[in-house]
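Subject: Handing over a structure

Dear colleague,

I am passing a structure on to you, and since you have not worked with it before, I have set out below what was found in it. Please open it alongside this message and follow the residues as they come up.

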Amino acid sequence: MCVTAVDSRPAGGDISRARGAAGELAENPGHRSFGSRVMGFVALTKPRIIELLLITTVPVMFLAEQGVPDLWLVLATCIGGYLSAGGANALNMYIDRDIDALMARTSQRPLVTGLVSPREGLVFGLVLAVVSTLWFGLLVNWLSAALSLGALLFYVVVYTMMLKRRTAQNIVWGGIAGCMPVFIGWSSVTGSVSWAAVVLFLVIFFWTPPHYWPLSMKVKDDYARVGVPMLPVIATNQVVARQIVVYSWVMVAVSLALWPLGYVGWFYPVVAILAGGWWLKEAHGLRARAKAGATGAQLKEMRLFHWSITYVSLVFLAIAVDPFLR
């Protein structure tokens, strides 16, 4: 999307030069074309991540309504959610622009390449935060607005500023921000939060670490280079894989709690059991390979990462479909 302006793998004395180059470019974005600048601001919102957030928002609205919710409400909630998450992501990139310049995975982000200046990124993120809160409050309800703002502040302040660079538990507790769309989706329909929303919140909470740790295993050298203590950086693959298995079992067990609580019929638990069973197969497979000492391509950690996206899509699609089959 952007032209790389900084070496993505600097080492030793090259680190300070990479930071200087990133800063110099970021202060002079004016030479870029209008179209590329627009795409740079869009990239600040991390659209692909927001797709996952909407996957966990809209189906919950169908479950809360026990049918088709008001389509205008769905649209308003999705737009508000995009603006809020986009603001949080832009502020995250503003804060992390120093380490983003040094990581291969993030070296083409707009604040690194100079497509958007740091000041523009900061203002853009703050404007989206304000607009999204007002959007939710005026067009959805103020409970959803408060939950949305809380998620944004948690992601930016608690995760990005306090946890990410200090503890290996960063993604565990920081993942709470990614669980909030469940509450937002439910509250947008009902004006309240129920036990069903709590269960689905916990599903995403326990899903997040085993979703992200495989990716962290793949790019742990990047995180080690910039001093971010993701679990795979400070622990062996075997330890990380064991934690993934533990979180996976809890996630699958929690996902089935909706059934005995009476919120779903037969369809959702069937999908949750089948998808969860395949997840556990992949998680245990990763642990077996790690225990056998597999490294590099032999570890195949990205198989679980890719399946994790399919899993959450299937489970939440089942949540939306289930009310029509009861």
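A good place to begin is valine 116, which sits in the loop between helix H7 (110-113) and H8. Valine 116 counts as buried because its relative accessible area is 0%, and its C-alpha lies 9.8 Å from that of serine 36, although 80 residues separate the two in sequence.

Before going further, please keep in mind that this is a predicted model. The mean pLDDT of the protein is 90, with 90% of its residues at 70 or more. Over residues 1-19, however, the pLDDT is below 50, and this stretch has 31 contacts in the model beyond near neighbours in sequence. Residues 21-26 also stay under 50 in pLDDT, and for them the model has 13 contacts beyond four places in sequence.

Salt bridges

How many salt bridges does the count come to? The count comes to seven, and three of the pairs are described here.

In one of them, the side chains of glutamate 120 and arginine 37 meet at 2.8 Å, N to O. This pair links distant parts of the chain, since glutamate 120 belongs to helix H8 (residues 118-139) and arginine 37 to helix H2 (residues 34-44), 83 residues apart. Glutamate 120 is partly exposed, with a relative accessible area of 25%, whereas arginine 37, with 18%, is buried.

Another salt bridge joins the side chains of aspartate 96 and arginine 165, at 2.9 Å from N to O. Aspartate 96 lies in the loop between helix H5 (71-95) and helix H6 (97-100), and arginine 165 in the loop between helix H9 (142-163) and helix H10 (170-174), so the pair ties together parts that are 69 residues apart in sequence. Aspartate 96 is buried, with a relative accessible area of 0%, while arginine 165 is partly exposed, with 32%. These two residues also belong to a network of salt bridges that links Asp96, Asp98, Lys164 and Arg165.

A further salt bridge brings together the side chains of arginine 303 and glutamate 282, at 3.0 Å from N to O. Here again distant parts of the chain are linked, with arginine 303 in helix H17 and glutamate 282 in helix H16, 21 residues apart. Is each partner buried or partly exposed? Arginine 303 is partly exposed, with a relative accessible area of 39%, and glutamate 282 is buried, with 6%.

Helix H17

The helix that holds arginine 303 deserves a look of its own. Helix H17 covers residues 302-321, a run of 20 residues, and spans 29 Å from its first C-alpha to its last, which is close to the 28 Å expected at 1.5 Å a residue. Its buried residues include Met302, Phe305, Trp307, Tyr311, Val315 and Phe316. Which helices help to cover the buried residues of H17? Among them are helix H3 (47-55), helix H4 (58-65), helix H11 (176-190), helix H12 (195-218), helix H15 (237-255) and helix H16 (267-291).

Serine 308 is one of the residues of helix H17, and it counts as buried because its relative accessibility is 0%. Leaving aside residues up to four places away in sequence, serine 308 touches Trp207, His211 and Trp279.

A nonpolar patch on the surface

Trp72, Leu75, Ile79, Val130, Leu134, Leu138, Leu139 and Trp142 make a nonpolar surface patch of about 800 Å². H5 and H8 each supply at least two residues of this patch, and the largest share, four residues, comes from H8. Isoleucine 79, which is found in helix H5, counts as partly exposed because its relative accessibility is 31%.

Two residues with a positive phi

Most residues other than glycine have a negative phi. Lysine 46, although not a glycine, has a positive phi of about 55°; lysine 46 is found in the loop between H2 and H3 and is buried, with a relative accessible area of 10%. Glutamine 66 likewise has a positive phi, near 55°, and its place is in the loop between H4 and H5. At 38% relative accessibility, glutamine 66 counts as partly exposed.

With kind regards

Technical notes. Residues numbered from 1 in each chain as written. Heavy atoms only, no water. Expected span 1.5 Å × (residues − 1). Buried < 20%, exposed > 50% of the residue type's maximum accessible area, 1.4 Å probe, protein only. Contact = heavy atoms within 4.5 Å. Salt bridge = Lys/Arg side-chain N within 4 Å of Asp/Glu carboxyl O. Patch = residues over 30% accessible without salt bridge, like charges linked within 9 Å, V, L, I, M, F, W, Y side chains within 5 Å. Areas by Shrake-Rupley, 256 points an atom, 1.4 Å probe, with all protein chains shown as cover. pLDDT = per-residue confidence, 0-100.
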